Amino acid sequence: MKKIIALVMSAVLAVGVFAGCGGKQVAADEYVLAMYKLVINRDSKAAKDVGVADKEIKSFEDELKKSVETGINDINESYKKSYNATVDKDLLTKYYDAYLKALTKLSGTATVEKSSDTEATVKLTSTYMDMEALTGKAMEAASAKVKAAEYSEQTDYNIAVLTEYIKELTTQMEQFTPGKETQSTTIVVKKSKNSWTYSDSTTFAQAITSLAIKNS
């Protein structure tokens with residue numbers, strides 16, 4: 001499940017909704033940090049401040065909604081294949097709501113390491129959510145609450161465990177507070193006239209989400 005979760009945010013930028021955005025001259029680190037704030041914190045004001053148009057922000061919001069819906073379906077498909085069980089979609093929707101709200105608690109910084117007239121290398125640093133730890137803790141709690149001896153059918157037991165797991169994970173998201181530890185990466189952005197943008201949307205998205213969502 002954690003792999004599907006991490007890909008949801010990446011999928012949003014993979015459509016390239018911000019390619020060619022600009023209009024306002026800003027520094028490369030401002031642009032990268034604004035994209036981080038939009039994707040992770042859902043801060044549309046930050047994006048507007050670096051010249052991202054309202055229609056592009058709306059496209060981002062629409063793609064995020066679609067990606068969450070796809071993520072919910074993918075989770076149940078994976079559960080069905082692995083456990084012959086699914087989880088109530090309302091519970092998964094509640095989980096994703098809590099997950100996205102938890103991400104808004106993260107914070108990032110950006111600094112230009114190298115620049116020229118056509119491109120810049122920006123170091124992006126972020127606090128993060130350790131999904132490996134959170135999902136492990138949630139499954140441990142779910143397994144302790146649901147007793148196999150109380151179920152005569154394996155499928156019924158699987159449904160009970162997975163349901164409790166999603167509830168526990170939702171609680172983890174609702175109670176999430178970032179630690180002081182951070183992760184960093186470098187991102188190369190291109191300049192065209194007064195606009196900064198990424199050369200590859202998928203790589204750009206993965207760079208941001210890999211900082212915010214730790215999976216190992």
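In what sense, antiparallel or parallel, do β4 and strand β5 pair, and over how many bridges? The legends below begin with an overview and return to this pair in its own view.

**Figure 1. Overview of the predicted model.** The structure shown is a predicted model. The secondary structure of the protein chain comprises eight helices and six strands. Read from the N terminus, the elements follow the order α-α-α-α-α-β-β-β-α-α-β-β-α-β. The protein chain has 216 residues, of which 45% count as buried. Its exposed surface amounts to about 11,000 Å², and carbon and sulfur atoms supply 46% of that area. Of the contacts between residues at least 6 apart in sequence, 75% join residues that are at least 24 apart.

**Figure 2. The pairing of β4 with β5.** β4 and strand β5 (residues 195-198) pair in the antiparallel sense, over four bridges. Within this pair, S192 stands opposite S195 of β5. The two strands form a hairpin with two residues between them. In this hairpin, K193 adopts a positive phi near 60°.

**Figure 3. The pairing of β2 with β4.** Strand β2 (residues 119-127) also pairs with strand β4 (residues 182-192), in the antiparallel sense and over nine bridges. One of the positions to inspect is E119, whose bridge partner in β4 is K190. Strand β2 is mostly covered, since seven of its nine residues are buried.

**Figure 4. The hairpin of β1 and β2.** Strand β1 (residues 108-115) pairs with β2 in the antiparallel sense over seven bridges. Three residues connect β1 to β2 in a hairpin. G108 has S126 of β2 as its bridge partner.

**Figure 5. Surroundings of T125.** T125 is located in strand β2. Its relative accessible area is 16%, which is under the 20% limit, so T125 counts as buried. The side chains of T125 and S184 make a polar contact at 2.7 Å. With residues up to four places away in sequence left out, T125 touches S107, G108, T109, T182, Q183, S184 and L211. S184 is thus found both in the polar contact and in the list of residues that T125 touches.

**Figure 6. The largest nonpolar core and V189.** The largest nonpolar core contains 58 residues, and those with the most contacts inside it are Y31, M173 and V189. Helix α2 (residues 28-39) supplies the largest share of this core, nine residues. Apart from neighbours within four places in sequence, V189 is in contact with A28, Y31, V32, T118, E119, A120, V122, W196, T197 and F204.

**Figure 7. Helix α4 along its length.** Helix α4 (residues 54-83) has 30 residues and, at 1.5 Å a residue, should span 44 Å; its end C-alpha atoms lie 43 Å apart, which agrees with that value. The buried residues in α4 are E56, I57, F60, L64, S67, V68, G71, I72, I75, N76 and Y79. An α-helix has 3.6 residues a turn, so residues three or four places apart point the same way. After α4 comes N84, which has a positive phi near 55°.

**Figure 8. S78 in helix α4.** S78 belongs to helix α4. With a relative accessible area of 26%, S78 is partly exposed, because this value falls between the limits of 20% and 50%. The side chain of S78 reaches the backbone oxygen of I75 at 2.7 Å. I75 itself is among the buried residues of α4.

**Figure 9. N41 in a loop.** N41 lies in the loop between α2 and α3 (44-49). N41 is buried, because its relative accessible area of 17% is under 20%. A polar atom of the N41 side chain lies 3.3 Å from the backbone oxygen of T104. Leaving aside neighbours within four places in sequence, N41 is in contact with Y36, L103, T104 and L106. T104 therefore appears in this view both through its backbone oxygen and as a contact of N41, a contact being heavy atoms within 4.5 Å.

How values were computed:
Residues numbered from 1 in each chain as written. Predicted model: local features only at pLDDT ≥ 70, side-chain atom pairs only at ≥ 80, totals over all residues. Heavy atoms only, no water. Core = buried A, V, L, I, M, F, W, Y, C linked by side-chain atoms within 4.5 Å. Buried < 20%, exposed > 50% of the residue type's maximum accessible area, 1.4 Å probe, protein only. Areas by Shrake-Rupley, 256 points an atom, 1.4 Å probe, with all protein chains shown as cover. Pairing = 2+ DSSP bridges. Expected span 1.5 Å × (residues − 1). Polar contact = N/O pair within 3.5 Å; in protein donor to acceptor, adjacent residues only side chain to side chain.
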